[in-house]
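Got the viewer open? Let's take a walk through this one, a stop at a time.

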Amino acid sequence: MARNIKIFLVLLVIVLAVEFAGLFIYTYTVVSQPVTYTDLDRNSFIYDREGRQMADLQGKASRVPVSLDRVPDQVRNAFIAIEDERYFNHSGVDPRAIARAFFGNIREGEIVQGGSTITQQVVKMHFLTPEKTYARKYREAILSLQFENTHSKNEILEIYLNDIYLGEGAYGVQAASQKYFGKDVGDLSLAEGALLAGITQAPSRLDPFTNPSGSLDRRNTVLGKMVELGMTDSASALTAREAPLGLRDRRPPGEALASYYVDHVIDEAVRLVGNDAVFGGGIKITTAFEPGVQSEVERVLAKEKFQDELVQCGLVLLNSNTGEIISMVGGRSYEAARGFNRATQLKRQPGSAMKPLAVYGPAFELGYRKDTIVEDTPRSWNGYAPKNYDGGSWGSITAQKAVQWSRNIAAVWLLDRIGIDRGYEFASRLGIGLDKDDRHLALALGGLTRGVSPLEMAGAYACFANGGNYSPPHAVTLIEDSAGKVLYEAPGPVSVMKESTASMMTDVLKSVVRSGTGRPAAVRGFEVAGKTGTTELPGDGRHRGAGGNKDAWFVGYVDQYTGALWVGYDERDMDGRHYLRKGGDMAAGIFGRVLASVLEESGRSPESKR
């Protein structure tokens, strides 16, 4: 019996030795293999034309990676002191911390302490699930040893400081620094760095916005640990202990996006590089936005005495030469992040503002001139019998006079002469999104199936201002990845009409503002070119006999700026009492006041007009 027990024990020792040898060989082999990790989502940023940050865009998390050399020593030390005091003295796993956690868990009867080093936390964030089992802890330890074989301590610390969750949706010290203190991580004080380090223990419970006393106590614990480890002196720690939390005002997620312009930039960027790149790709989006111009536009519109509070507007202002969107207003107030934008998403009939695009522009391109005689005499084209706004007719007049005074019959007559297809194709080349069913004479007066947006109209008129060259209106001028590689750069303009056509059209449109229907848009000292547009109320039951208007437009330009303004009611707000009493002349007046303010703000003097 004793002999059998002896044999059994020998065999058991041999088996255990083989098992441990195998485990050692396996562990050594695994640890010797290189480990790479994939970057986690990072915030993207939007900048104005001068490189000033306008907004940051986060995906599933708010993360703004920074290099380790941008993180002050006192901030690094705060995290090391409270999270892994022997960080620079172990190889990824700290046996002392593991033993302490093991016996603590034995006392508690469950896994309540992890004993994880900073390296283990990095491994857990990138490679493992958050489950609390000894099997998972073993995999974590092996991968940590392996990770330290292929990454330096500073590399691992940088990854950790960029990925650790610090509450309020912020991942990493830079995002947290901006969230809590409104500053760059490089500007953090000892007290602020200790506060962030303290949050790691329980980000929800120690949120300084919701639990200032708890986070303050934890901050002071971190400071005490730093003194104990010789990472700071007692005097500095005492000063930091006495410092207030110094938090910035708490802002809800997404507040930085409170802008119609930013909303449009996001939509544009998503079309160009995809949703994943915009939200989580860490890209840099440079725009043409001019904050000074935007402020003036908003200031003037805020002072306007609109008919009532339900009246809305949409305005776009472009750089005439490049098609860059420098300012945008999508409504009289910002209603919801990425909500309805009347500057870009609205589709309404443009009325007479369509005449230069579908009638006179293509006619001039064919060789007609501004002194060409057109007929403003009532007639019917297969049952279509347009009328002038004054109910009368002027007979034979010049093309310039017909545009200057917005004669409807003359415009339809001329479109019939040049051919509907020519008008349709010319307007399409200028970026007007027409439907196949828009090939009819009502095109001359803006009778479209879907309608147009202020953005489309501004882009089309900019062709006249830019000598016949068209650039699709765009806010985004450049997109780069996090390494600075160019992902997108806005293309230059292309010629869509003869320069002589654009010049002649500009002369005619100047006469509209100088002495025609667009006179309210005049700006002292500048020659403004432009066209009014008005659409009447539909003849349905809600508006029968009202005699008012549905849409009011003005689209115009000086040499540098081209803009389009729409004024009207949202469809849901229109009824028997809510409709426009005025038309394009009202829109022209608002446009003129906006343009005058913008020109003054930009330092343009009357002598610089063309």
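Select Asn 382 to begin: in this predicted model, Asn 382 is exposed, with a relative accessible area of 86%. That is over the 50% needed to be called exposed. You'll find Asn 382 in the loop between strand S8 (373-376) and strand S9 (395-398). Check its backbone too: Asn 382 is not a glycine, yet it has a positive phi of about 50 degrees.

Now jump to Glu 168, in the loop between helix H6 (153-163) and strand S4 (170-171). Glu 168 also has a positive phi, about 55 degrees, although it is not a glycine.

Time to zoom out. How many helices and strands does the chain have? There are 20 helices and 16 strands. Of the chain's 610 residues, 52% count as buried. Take the contacts between residues at least 6 apart in sequence: 70% of them join residues at least 24 apart.

**The sheet**

Next, select strands S2, S1, S5, S11 and S12. In that order, these five strands form an open sheet with mixed pairing. Which strands stand at the edges? Strand S2 (53-57) and strand S12 (486-489) do, each with a single partner strand, so one side of each has no neighbour in the sheet. On average, neighbouring strands here are turned by 15 degrees against each other, direction ignored.

Keep the sheet on screen and colour helix H11 (residues 260-273). H11 packs on the sheet and touches S1, S2, S5, strand S11 (476-480) and S12. The direction of H11 makes about 55 degrees with that of S11.

Now go in on strand S1 (residues 44-47), which pairs with strand S5 (residues 284-287) in the parallel sense over three bridges. With S2, the pairing of S1 is antiparallel, over four bridges. Click Ile 46 to see both partners: Ile 46 stands opposite Ile 285 in S5, while its bridge partner in S2 is Ala 55. One residue along, Tyr 47 faces Thr 286 in S5.

Are the faces of S1 covered or open? Both are covered: Ser 44 and Ile 46 on one side, and Phe 45 and Tyr 47 on the other, are all buried. Before leaving, follow the chain round the hairpin of S1 and S2, where five residues lie between the strands. In that hairpin, Gly 51 takes a positive phi near 85 degrees.

**Two helix pairs**

Select helix H8 (residues 190-199) and helix H9 (residues 212-228). Their axes are 8 Å apart, and the helices pack at an angle of about 110 degrees. H8 and H9 are therefore roughly perpendicular to each other. Show the side chains in the contact: Leu 190, Ala 191, Ala 194, Leu 195, Ala 197 and Gly 198 come from H8, and Ser 215, Arg 218, Arg 219, Val 222, Leu 223 and Met 226 from H9. By class, that is eight nonpolar, two polar and two charged residues.

Last stop: helix H14 (residues 355-365) and helix H16 (residues 408-418). The axes of H14 and H16 come within 9 Å and cross at roughly 55 degrees, which makes H14 oblique to H16. The crossing is left-handed. On the H14 side, pick out Lys 355, Ala 358, Val 359, Tyr 360, Pro 362 and Ala 363. On the H16 side, add Asn 408, Ala 410, Ala 411, Leu 414, Leu 415 and Ile 418. This contact has ten nonpolar residues, one polar and one charged.

Terms used:
Residues are numbered from 1 along each chain as its sequence is written. This is a predicted model: local features need pLDDT of at least 70, side-chain atom pairs count only at pLDDT 80 or more; totals for chains, interfaces and linings use all residues. Side-chain values use heavy atoms; hydrogens and water are left out. Two strands pair if DSSP finds at least two bridges between them. Axes are lines fitted to C-alpha atoms, for helices over the stretch in contact, and angles run from 0 to 180 degrees between N-to-C directions. Contact means heavy atoms within 4.5 Å. Angles under 35 degrees count as roughly parallel, over 145 as roughly antiparallel, 65 to 115 as roughly perpendicular and the rest as oblique. A crossing is left-handed if the near helix is turned anticlockwise from the far one by less than a right angle, and right-handed if clockwise. Ala, Val, Leu, Ile, Met, Phe, Trp, Tyr, Cys and Pro count as nonpolar, Asp, Glu, Lys and Arg as charged, and the others, Gly among them, as polar. Buried means under 20% relative accessible area, exposed over 50%, partly exposed in between (1.4 Å probe, protein chains only).
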